[in-house]
Amino acid sequence: MEWIKSECGTDALESEELWHTGIRIGGNAYFCPVSLGRSISYGLWLVMFISLLAAVWINTNVQSPALLGLYAVPVLIFALFVFNVYLVGAFSAGVTALWVYFTGTGWPGIAGAGGLLLLALLVQRVVIVSRRNFRQREEYEELFMNTILSFSKSIDARDPYTAFHSKNVADYAREIAIELGLSKQETEAVHLAGLIHDIGKIGTPESILKKESRLTEEEYDIMKRHAEDGYQIIKGIKRLQELGVTAMVRHHHERMDGKGYPMGLKGDDIPLGARILAASDSFDAMTTNRSYRAKLSTETAAEELRRHSGTQFDPEVAQALLRVLVRQGKLPTAEPQAAGQVQPAWTR
């Protein structure tokens, strides 16, 4: 998952952004020593330039070979950002040798050179350890997320009528997010939420999931618990909280008119990602065969989106989904129609 691999204590996802949030290690690989944030990373670059200017000013005004060692500070910071971390020690040794050459072999020069080399090796060690820890954390997070996604797939596998439902919802949600001009991170977060939006159904009785007739009121109340149950399952995952995925999963059955569940949120109080999932979820449910009804045609499902725009669905989200369907060739170009009367949600 791209968002896991680029975790750097910031919201950056693309490699060019990671230059500001992590350290480049030999080519295209990036990692974050001790979770460098963007402000800390900018701070290091600032320290490098300030120390360079200070070294130039001091050596211009005070003629002393020993002061040439001041150039080592910006040089080492630059080396850490640019060169492979395993070359920092060798690079530092070369800088130290040059320092000894210019300052002489006296006690002050040797002591300063030794201190500089020790500092460089210490920084190198911290970077190596932090890189290893970062990779381990990445592996653990990826393993955990794969487990969560496996749970989600197991939900779909329980009902042959919804075997690809989560993937379809995630794909629609991503296309809607792109159509709405959301950022890459927001788009990937919505896609991830789509993959696990029904994870709470792991606790829903199979007799209800596969029931071929209309659910009773009591059964429907049990079915509705899956939104809150899904939130409870993933709420402790910090990264999903930061991405807003937990809120999307919790509120993907809310309605614009406040008649949804589990909290009856209304309008803009519903997270945008949840509004995107609501339209994606309903559209896929309408166009998929279910145990209790046959699927609707794409045109009929699109008409339902238009009719319930503003009541069940966010109008902008519904319009974005319709544009996606037109772009994908699933719908002919047509003018959106006005919102109609309130109807029950299509999805269970």
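**View 1. Helix α7 is followed by G181, whose phi is positive, near 80°.** Welcome to a predicted model; this close-up starts where α7 gives way to that glycine. The helix itself runs over residues 165-179, and its 15 residues reach 21 Å from the first C-alpha to the last, close to the 21 Å expected at 1.5 Å a residue. Its buried residues are H165, S166, V169, A170, Y172, A173, I176 and A177. They cover an arc of only 165° around the axis, so they sit on the same side of α7.

**View 2. K167 and D171 form a salt bridge in α7.** The closest N and O atoms are 2.9 Å apart. Four residues separate the partners along the helix, which means about one helical turn. Both ends are partly exposed: K167 has a relative accessible area of 48%, and D171 has 23%.

**View 3. In helix α14, E303 pairs with R306.** Here the closest N and O atoms of the salt bridge are 3.7 Å apart, and the two residues are three places apart, about one turn of the helix. E303 is partly exposed at 23% relative accessible area, whereas R306 counts as buried at 9%. Elsewhere, E175, E179, R323 and R327 are joined into one network by salt bridges that share partners. Besides R306, the buried residues of α14 are A301, A302, E304 and L305; their cover includes α13 (272-286) and α15 (315-327).

**View 4. F151, I202 and I233 make a nonpolar patch on the surface.** Together they offer about 240 Å² of accessible area. I202 lies in the loop between α8 (184-196) and α9 (206-209), and is partly exposed at 38% relative accessibility.

Note on methods
Residues numbered from 1 in each chain as written. Predicted model: local features only at pLDDT ≥ 70, side-chain atom pairs only at ≥ 80, totals over all residues. Heavy atoms only, no water. Patch = residues over 30% accessible without salt bridge, like charges linked within 9 Å, V, L, I, M, F, W, Y side chains within 5 Å. Areas by Shrake-Rupley, 256 points an atom, 1.4 Å probe, with all protein chains shown as cover. Salt bridge = Lys/Arg side-chain N within 4 Å of Asp/Glu carboxyl O. Buried < 20%, exposed > 50% of the residue type's maximum accessible area, 1.4 Å probe, protein only. Expected span 1.5 Å × (residues − 1). Arc of directions from axis to C-beta. Contact = heavy atoms within 4.5 Å.
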